[in-house]
Amino acid sequence: MQTSKISIFGKRYDKEILLTAILLVSPLIIGLTVFYFIPMLQSVYYSFTEWGRFGGSKFIGIENFKRLVQDQSVWRALKNTVTYALFTVPIGSFISILIATLLNSKIKGQGIYRVIYFLPAVTMTSAIGMIWRWMYNSQYGIINQILAMVGISGPNWLTDSNFAMISLIIVGIWASLGQSIVLYLAALQGISRAFYEAAVIDGANPFEKFFNITLPLITPTIFFNLLTSLISSLQVYDLIMLMYMKTNPALEEVQSLAYLFYQQSFVFNDKGYGAAISVVLLILTLIVTAVQFKFQDKWVHY
């Protein structure tokens, strides 16, 4: 019995198999369309409009983007966003690889350590923000109390402009460790022991085995983790919202593009301008993602 074929972009597919595949992925496609693609297109359209205080909008062209270019708060938020991403992603990845390598070795209490390091990944962001805000408290926070024991006067971590971004970066790194460690641990366990046995026969030391075998073989996982972590860090909002009060004098030092979008859209009710900020964030994310894919062939080994 000959089955019917369907030609797509010059390739022929079995009709029944193709329809089955479309049926299986249709829930995902519908979900992405309704909750991602349509809102994204609406935001792009709204960025060219001006909204009234009581609803209604009118098309104003690129006026929001002209205003955006001249707005110093946008440039400051862009700088904060990039700074946060450039520090949290590389440092977080390095620490994650180091911890995953240690957890992959034969140590006592291996299972307990894995659970402890994975806890941040299953902890709600609201809980993380509240706990760290308490720990950073300049009067009764545990961090300053520990510093006081060794004779160091701790700073105002959240309200001092010199430490506000550092404090946010530390929390961002800690919160991202759990998921990254699990990914790297899975990649490490997928490496055949034969490679290491052959390296031992050749007289390789642990450092040579790590840099010549382990690191090259987990580069696909490193690339995936860097890509997803960078996209997530560019969209940082919740930690800032939970850790820094609106009256915080150092808020401008940590305010991100996503936080500025929230302020303009829902606090100042300037939805058109807020949509323009979200479009800038979208363009920045697309550029960063494209650059990563462009240069992956130079260091990722599949």
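This passage walks through the pockets, the aromatic pairs and a handful of single residues in a predicted model.

The pockets make a handy starting point. The largest pocket comes to about 970 Å³ in volume. Its lining takes in 29 residues, and those closest to the centre are Met40, Ser43, Gln235, Ser278 and Leu282. Three helices each supply at least two residues of this lining: helix 1, spanning 15–46, together with helix 12 and helix 13. Helix 1 gives the largest share, with ten residues. Sorted by class, the lining of the largest pocket holds 22 nonpolar residues, six polar ones and one charged one.

Next comes the second largest pocket, with a volume of about 660 Å³. Here 21 residues make up the lining, and Thr101, Leu188, Pro206, Phe210 and Thr214 lie nearest the centre. Two or more lining residues come from each of helix 3 (72–104), helix 8 (193–201) and helix 9 (206–217). Helix 3 contributes the largest share of the lining of the second largest pocket, namely eight residues. The class split for this lining is 13 nonpolar, five polar and three charged.

Ser278, one of the residues closest to the centre of the largest pocket, deserves its own look. Ser278 sits in helix 13. With a relative accessible area of 19%, Ser278 counts as buried, because the cut-off for that label is under 20%. Setting aside neighbours within four places in sequence, Ser278 is in contact with Ser43 and Phe261. Ser43 itself is also among the residues closest to the centre of the largest pocket. As for Tyr262, 16 residues away from Ser278 along the chain, the two C-alpha atoms are 9.3 Å apart.

Helix 1 offers a residue to set beside this one. Thr33 lies in helix 1 and is partly exposed, at 31% relative accessibility. Between Thr33 and Ile17 there are also 16 residues of separation in sequence, and here the C-alpha atoms are 23 Å apart in space. Not counting residues up to four places away in sequence, Thr33 touches Ile38 and Pro39.

Just past helix 1, Ser47 is placed in the loop that runs between helix 1 and strand 3 (49–51). Ser47 is buried, and its relative accessible area is 0%. Leaving out residues up to four places away in sequence, the contacts of Ser47 are Gly61, Asn64, Phe65, Gly272, Ala275, Ala276 and Val279.

Asn269 belongs to another loop, the one between helix 12 (257–267) and helix 13 (271–295). The phi angle of Asn269 is near 60°, a positive value in a residue that is not glycine. Asn269 is partly exposed, with 23% relative accessible area.

Then there are the aromatic rings, which form 16 pairs in the structure. One of these pairs joins Trp132 and Trp174 in an edge-to-face arrangement, with 5.8 Å between the centres and 65° between the planes. The pair links distant parts of the chain, as Trp132 is in helix 5 (residues 125–135) and Trp174 is in helix 7 (residues 164–189), 42 residues apart. Trp132 is buried at 11% relative accessibility, whereas Trp174 is partly exposed at 33%.

Tyr136 and Trp157 make up another of the aromatic pairs, this one tilted, at 5.6 Å centre to centre and with 35° between the planes. Distant parts of the chain are linked here too: Tyr136 is in the loop between helix 5 and helix 6 (142–149), Trp157 is in the loop between helix 6 and helix 7, and 21 residues separate them. Both partners are buried, Tyr136 at 3% relative accessibility and Trp157 at 12%. These two pairs turn out to be parts of a wider group: ring pairs link Trp132, Tyr136, Trp157, Phe163 and Trp174 into a cluster.

A ring can also have a charge for company. The charged end of Arg67 sits over the ring of Tyr273, at 3.7 Å from the ring centre.

Definitions and conventions
Residues numbered from 1 in each chain as written. Predicted model: local features only at pLDDT ≥ 70, side-chain atom pairs only at ≥ 80, totals over all residues. Heavy atoms only, no water. Helix = DSSP H or I, 4+ residues; strand = E, 2+ residues; numbered from the N terminus. Buried < 20%, exposed > 50% of the residue type's maximum accessible area, 1.4 Å probe, protein only. 1 Å grid on protein atoms, 1.4 Å probe; cavity = no way out; pocket = protein on both sides within 12 Å on 5 of 7 lines; lining within 4 Å. Points joined across faces, edges and corners; volume = space filled by probe spheres on them. Nonpolar A, V, L, I, M, F, W, Y, C, P; charged D, E, K, R; others polar. Phe/Tyr/Trp six-rings, centres within 6.5 Å; stacked < 30°, edge-to-face > 60°. Lys NZ or Arg CZ within 6 Å of the ring centre and 35° of its normal. Contact = heavy atoms within 4.5 Å.
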